[in-house]
Amino acid sequence: MSTPAAGAAPAPAPDPHAAPVIAVIGNPNTGKSTLFNLLTGLKQKTANYPGVTVERHTGSIRLDGRQVCLVDLPGTYSLAAQSPDEIVAIDVLLGHVEDLAPPQAILVVMDATNLRRNLFLATQLAELGLPLVLALNMLDVAAENGVQIDAARLAEWLDATVVPVVAASGKGLPELRAALAAAVRKPPRERLVVMPEVHQAAVALAGRIAAAGHHLNVYEVERALIDAAGIAERRFEYATSPELMGDMLDLRARLGAGSTLAAMEARARYELINRVITEVEVRAPPRVTFRDRLDRITNQPVVGALLFVLVMATVFQAVFSWAAPLMELIDAATKWASGALRAALPPGALSSLLVDGAIAGVGSVVVFLPQILILFAFIILLEDTGYMPRVAFLIDRLMRLCGLSGKSFIPMLSSFACAVPGIMATRVIPERRDRLATILAAPFMTCSARLPVYALLIGAFVPDRHYLGGLVNLQGLVLLALYLLGILAGIGTALLMKRTALRGPTPTFLIELPPYRLPNWRSVALRLLERARIFLVRAGTVIFFVAVMVWALVYFPRDPAIAAHYEAERTTAAAVLDGPVREAALHEIHNREIAANMEASYLGHLGKFVAPAFAPLGWDWKVSAAVIAGFPAREVVVAILGTIYAVGDEAEAGKDSELAGRLREATWPDGRRVFTLPMVLGLLVFYAFCLQCAATIAMIRRETNGWGWPAFAWVYMTSLGYFGAMLVYQLGSS
C-alpha cells in the first residue's frame, strides 16, 4: 500500500457476511480519538496497515443489533495526500486496503469552534459520494465563545447527518450511534462537485483509462489533475501508460489556464465554505474567556518553561509517592504466591522454576505497573487537555538551537511512552535530514521500559527523604534528573547530527493550539487499560520467556560435588552447634551454596566471560550478565536480576526477599558491596543512554530503509552509555 501500485489496484469485493466498515476521520485536535474510544470501549484492536509502519486502530460497535467496524484514521487537514498517514487515510476511504472492506459510511469529527477550517476536509469527503455523519464536537467551548451553529442547515448544505456532541462529557452519544446505524443502511449519495469543469474532464479521462484496461476511479483521476507532483499524480503515472500520462498533463495545463488547479480548488472550496458559514454560523463579538487568559500566561516563554518543569516535577513525585500502596499490594501477592507454591511442591527443579524463575522474574517487573500507569495517566491528561501542543510551541525556540523545530518535539514527546511510536511519528517531518536527526534523538527519551529499572535502583539506593514539608521527594527529584538527562542527550545528539552529517536549514514550524478542555474520564480510563494490557501481555510473554531462560542458565548445571561439599558442612554444623548459633551457621552455609551454584552455572560462565569488559564500571559478573541478557528489551533486566537473586533461596529464611534488599546485600568475594552509590549512579546513566530495545532498532531500520542508521544508533548510544557509566563510577570512587 505504500507504493503507487497500491492506489491503482481495484477495490476488493465486499464480503456480504463481514461487518460494515465506518471510517472515522477529522482534523487533528478535534477529539476524534476520544469519540472513537467512547463508541468502541474496550473492543479495540491495534495493528499496522499492510506494508507500512502506520498503525491501524479498529473497534467494534453494535448498532441496531448489527456488528459494525469503526476504523480510526490518522488526523488530516485535507485529502491531498503527501505523508504516509494521509496516504493511509485515502487508501481506506477508497477501499484500497487489501484486508479491509471499503467503508459504507464516513464519520467526520469536527471542531465546532473552528467550523471554517474543518469544512475544507468535510467538503472533500462529500465528493466521495459515501453517506456522511458529521459529529460537531466541543459545542460547550463554542457556546462559551459565543458561537452558534445551525446543524439542520449545515446538514442540508452537505447532504449529511449532523449530530452535536460533547466528547468530554459523552453528550450526544446516543444520537450519534443512531445516526451511524442509519448511515450504514443508506445507499451511496450524490457526490458534491466543487469544480464542475475539472470533474467533467476527470469523468471523460477515467472512461478512457477504463477502456485501456487500467484501474483508476473518477475521484483518483480528479485528485491527480489537481495535486501536481503529489501522490495521486505518481499513482496515475504508475497505473496508466505514458500516453495517458501525457494527456493528463495537457488537460491539467488547459484547465489551469495560467494558474494551478490546486489554487483554483482552494478558491472554489473556500467560496463554498464562506457561503456555508454565512448561513449556518453566528458568532458573537469576541470576548476574553478564562481559557484566553490561561493561554496568555502559559504561552509566555519564561512562565511557560517554569510551568512545564513544575508539571513534570509533579508527575515524577507522584510516580513514587502515589504508587507505593499498590506496589506493596502487588509485592505482597507475589510473596504469597511464592510461599504457597514452595509449600505445595517438593524441593527441586520444578519448584525453583515456578517460584524463582516465573514468579520472581515476572513479579519483579509487574510490581512497577502502578508507577507506569500513573506516568501514562499524566501524559494522557496533558494531551487531552490541550497542554502538550503548547509545550511544543514553547520548545520550538529550544529545538531551533539544535537545527530542528517544534515539529520534532511531538515525536520526541511520544517517545516518553515508547520510542517505537515516537519514531513512527517522525513521518510528520517533511525534510529527510530533520527526520533522521529526530529518529536518532528519540530513543534517548525515557520510555516506560526504563521506568522499572529506574524505580528499582532509585527505590533501593536513594534515601526516601522529603523536603518543603513533605511536598518534594528526593527519589522523585532523581527520577526527574534522569528524564532531563535523556532530554539533554537527545537534543545534544540532534545538534551534533545537524552540525555534521545531517547539516541543513532549520525547518519552519506551524502548529494549531487547540482550546483548553476537560478530558473525558472514560476515554482516559480506556487508554490506561489498553496500556496496562500491553504491559501485562509483554510481562506474560517476552519477560516470562526471558525469565525462564535465565533461570535455566542460573540453575543448570547442578554440580554434585558442590551439593556434597555443602551437605557435609551442614551435617558437621548440625552435630557440633546448637540453638540460634546453629541456625545462623546453616543459613550462612546455604547462602554460600547458592553463590557456588551460581558461579558454576551457565550464566556464571557467561557473566565471568564478559565481566572484564564491564569491570571499569564497577559491575560484577551477575550485573554484567543481566545487562547483556537484557539488550533485546531493557525492562527485562529487572526480571533477570529478580531471577538471579532469587534462585535457590528459601522464603522461610527470614531474610528480606524483595529484590531491592537482595541488591543492597550483594557483595564481592572480599566482602565489599557491589551496589555502591557511584556504581548505581553509573548504572542509571548507562540505562539513560544505552539503546537496549530490539523493537526500536527494527523500527529505525524500517523508517530509514537500511541497517546503516540502526547500526550507528546502537554503537553510538551504547558507547555513550558505557563511557558515561565508567566516568561516573571512576570519579565517584576516587
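Start by selecting Arg 223 and Asp 227: these two form a salt bridge, and their closest N and O atoms are 2.9 Å apart. Both ends are tucked away, since Arg 223 is buried and Asp 227 is buried too. Keep in mind throughout the tour that you are looking at a predicted model.

**Stop 1: follow the salt bridges**

Next, select Arg 269 and Glu 265. Here is another salt bridge, with 2.7 Å between the closest N and O atoms. Colour helix α12, residues 261-280, and you will find both partners in it. They sit four residues apart, about one turn of the helix. Is Arg 269 buried or exposed? Arg 269 has a relative accessible area of 1%, so it counts as buried. Glu 265 is buried as well, at 5% relative accessibility. Now add Glu 127 to your selection, along with Arg 223 and Asp 227 from the start: together with Glu 265 and Arg 269, they are joined into one network by salt bridges that share partners.

How many salt bridges does the protein have? The count comes to 23. One of them is between Asp 91 and Arg 235, so select that pair now; their closest N and O atoms are 2.7 Å apart. This pair links distant parts of the chain, with the two positions 144 residues apart in sequence. Colour helix α3 (residues 84-94) to see where Asp 91 lies, then helix α10 (residues 231-239) to see where Arg 235 lies. Asp 91 and Arg 235 are both buried.

**Stop 2: a strand residue and its neighbours**

Move on to Val 108, which you will find in strand β5, residues 105-111. Val 108 is at 2% relative accessibility, and therefore counts as buried. What is Val 108 in contact with, leaving aside its neighbours within four places in sequence? Show the side chains of Ile 25, Leu 125, Leu 132, Val 133, Leu 134 and Ala 135, and you have the list. For a sense of distance, draw a line from the C-alpha of Val 108 to the C-alpha of Pro 370: it covers 36 Å, and the two residues are 262 apart in sequence.

**Stop 3: a helix residue**

Now select Thr 34, in helix α2, which runs over residues 32-40. Its relative accessible area is 13%, so Thr 34 is buried. Leaving aside neighbours within four places in sequence, Thr 34 is in contact with Ala 167, Asp 384, Asn 520 and Ser 523. Try another distance here: the C-alpha atoms of Thr 34 and Leu 684 are 36 Å apart, with their positions 650 residues apart along the chain.

**Stop 4: looking for disulfides**

How many disulfides are there? The count is zero. Select Cys 690 and Cys 693 to look at one example. Cys 693 has the closest cysteine sulfur to that of Cys 690, yet the gap is 11 Å, which is too far for a bond. Cys 690 itself is buried, with 0% relative accessibility.

**Stop 5: a patch on the surface**

Switch to a surface view and select Tyr 467, Leu 468, Leu 471 and Leu 477. These residues form a nonpolar patch on the surface, and their accessible area together is about 440 Å². Tyr 467 belongs to strand β10, residues 466-467. With a relative accessible area of 37%, Tyr 467 is partly exposed.

**Stop 6: zoom out**

Show the whole protein as a cartoon. What you see comes to 33 helices and eleven strands. Along its principal axes, the C-alpha trace spans about 105 × 60 × 60 Å. Of the 734 residues, 54% are buried. The accessible surface comes to about 31,900 Å², and carbon and sulfur atoms account for 64% of that. Among contacts with a separation of 6 or more, 76% are between residues 24 or more positions apart.

**Stop 7: colour by confidence**

Finally, colour the model by pLDDT. The average is 84 for the protein, and 92% of the residues score at least 70. Which stretches should you pick out in this view? Select residues 1-14, where pLDDT stays under 50; the model has 36 contacts beyond four places in sequence for them. Then select residues 648-657, where pLDDT also stays under 50, and where the model has 21 such contacts beyond four places in sequence.

Terms used: Residues numbered from 1 in each chain as written. Predicted model: local features only at pLDDT ≥ 70, side-chain atom pairs only at ≥ 80, totals over all residues. Heavy atoms only, no water. Buried < 20%, exposed > 50% of the residue type's maximum accessible area, 1.4 Å probe, protein only. Contact = heavy atoms within 4.5 Å. Disulfide = S-S within 2.5 Å. Patch = residues over 30% accessible without salt bridge, like charges linked within 9 Å, V, L, I, M, F, W, Y side chains within 5 Å. Areas by Shrake-Rupley, 256 points an atom, 1.4 Å probe, with all protein chains shown as cover. Salt bridge = Lys/Arg side-chain N within 4 Å of Asp/Glu carboxyl O. pLDDT = per-residue confidence, 0-100.
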